[in-house]
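Q: Could you take a close look at one part of this structure with me? I'd like one connected walk-through, starting with a single helix and then moving on to the charged pairs.

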Amino acid sequence: MSKRFNILWLLILLVVMTACGNNELEEINNEGYSQYQTGDFDAAITTLTEGIAIDEDYPDFYTNRGMAYYETGDNAAALEDLNKSLSLQTTNPEAYVNRGTVYLGLGEYEKALADFYEAIEQQGSFEQPLGLYYTYLNLGTLLNQVGEYSEALTVFNKALEEYDEDPALFNSIGLLYRATGDYDLGIEAFNQALEINQDYAYAYGNRGSIFYLLEDYSIALSDVNTALTLDRYVPQFYDLKAKIQYKQEDYLALEETVKEGLNIWVSYSELYMDLGNAYMKQERYTDALMQFGLAIQYEYYDAYLSQAIAYRMIDDYEGALEVLDKYLANNPNHVQGMMEQGISLQGIDDNVAAIEVFESVINIAPETHDARYYMALSYEYLNDYEKAKDLLKEVIEHDPEHKNALKELAFLEEHY
């Protein structure tokens, strides 16, 4: 028997598969494990490759080298090794869990689920007593990710039956309740995590996120500051802190938070979005455009929509339409994106095209009354005042408090 690695997805927790024996192969495998533990993944790969040269049919070399490849970002090599391990030893729950982890990284959730369930089927073959527990924890986290909340809770309860002294489990349960809107239960779960480990940074950060959703910003800020004191290398903490400061309109502090976060995680696109949104609020539209552009550079493509709004605010409708084309190419029926497109088409006096866009919005989302309002404006610009009046009346019929529609209708009835 030998040591195997097993990664807990999202929580970045390593499970050591302990073993007995001192033969040459196990010694090589254990050396690779030690190198993996210290983060020297390239050395681990080299050591395990040397082991494979001695015995190419030793499955744990492939299981463990696969996870070392995974840590270096070589998912293709990781999958190749894990597949090889399973071809040599089909009863190998650790390999199934690890391959499921790689599939998670690739966004192939169905394959990941299949591997986790297969590991559970083989639960009697785990080499480490907590192997089944961690599989349940990974599986429940994934089910929560894909919106299978009831099944996720069932799986977490099975994990609790295996082991109830891990703060990561209660943290995961708290995240589940946050996703379902059961905020009191979520806070309770995070509190349970902190009872087990009062220095568990994730529980503070995630509890703070619930207080943020509850609009209790002072408590939320206190929690996230505690989280950052305990672990300053989690980018989501900086993102949450910036969002809290945005709500508090403390833009100078927000800018400093983003700067601190980017000093560690220069490619964390959400922080560029946070700063861009703060600049938008301050009407610093050119600065906002730069931040949204950086977010796009780091693959936050929803920033195209934010860019379009910023371009529109400086009356650069051509610029807005250019980035909206990119956004709508991947989000063809996105109502807000289509609305921005229609408004920008009005900005370049292409009201016929704008009307077509607003009609499409109404077909997709009939309750979008602003689409009728802006379509009325386009008809007004085309001198079709009666059509404009009819549309404005429709808006007011569904939304009697629509101030812009009321004002525009009064203007038209007085002058036309």
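A: Before we talk about packing, one term: contact here means heavy atoms within 4.5 Å. Also keep in mind that this is a predicted model.

Let's start with helix 14, which covers residues 251–264. With 14 residues at 1.5 Å a residue, helix 14 should span 20 Å, and its end C-alpha atoms are indeed 20 Å apart, so the expected and modelled spans agree.

Now for which side of helix 14 faces where. The cut-off for buried is under 20% relative accessible area, and for exposed it is over 50%. By that yardstick, the buried residues of helix 14 are Tyr-251, Leu-254, Thr-257, Val-258, Gly-261 and Leu-262. Look down the axis of helix 14 and those buried residues fall within an arc of 130°, so they line one face of the helix. Swing round to the other side of helix 14 and you'll find Leu-252, Lys-259 and Asn-263 exposed. As for what the buried residues of helix 14 pack against, the partners are helix 13 (235–247) and helix 15 (269–281).

On to the charged pairs. The structure holds 10 salt bridges. Take Arg-99, which forms a salt bridge with Asp-115; their closest N and O atoms are 2.7 Å apart. Arg-99 sits in helix 5 (residues 93–105) and Asp-115 in helix 6 (residues 109–121), so this pair ties together parts that are 16 residues apart in sequence. Arg-99 and Asp-115 are both buried.

Arg-312 and Glu-340 make another salt bridge, with the closest N and O atoms 2.7 Å apart. This pair links distant parts of the chain, since Arg-312 belongs to helix 17 (residues 303–313) and Glu-340 to helix 19 (residues 335–347), 28 residues apart. Both Arg-312 and Glu-340 are buried.

Then there's Arg-372, which forms a salt bridge with Glu-394, and here the closest N and O atoms are 3.3 Å apart. Again distant parts of the chain are linked: Arg-372 is in helix 21 (residues 369–381) and Glu-394 in helix 22 (residues 385–398), 22 residues apart. Arg-372 has 11% relative accessibility, so it counts as buried. Glu-394 comes in at 32% relative accessibility and therefore counts as partly exposed.

Last, a small cluster: salt bridges that share partners join Asp-239, Lys-243 and Asp-274 into one network.

How values were computed
Residues are numbered from 1 along each chain as its sequence is written. This is a predicted model: local features need pLDDT of at least 70, side-chain atom pairs count only at pLDDT 80 or more; totals for chains, interfaces and linings use all residues. Side-chain values use heavy atoms; hydrogens and water are left out. Helices (H or I, at least four residues) and strands (E, at least two) are DSSP runs, numbered from the N terminus. The expected span of a helix is 1.5 Å times one less than its number of residues. Buried means under 20% relative accessible area, exposed over 50%, partly exposed in between (1.4 Å probe, protein chains only). The arc is that of the directions from the helix axis to the C-beta atoms. A salt bridge is a side-chain nitrogen of Lys or Arg within 4 Å of a carboxyl oxygen of Asp or Glu.
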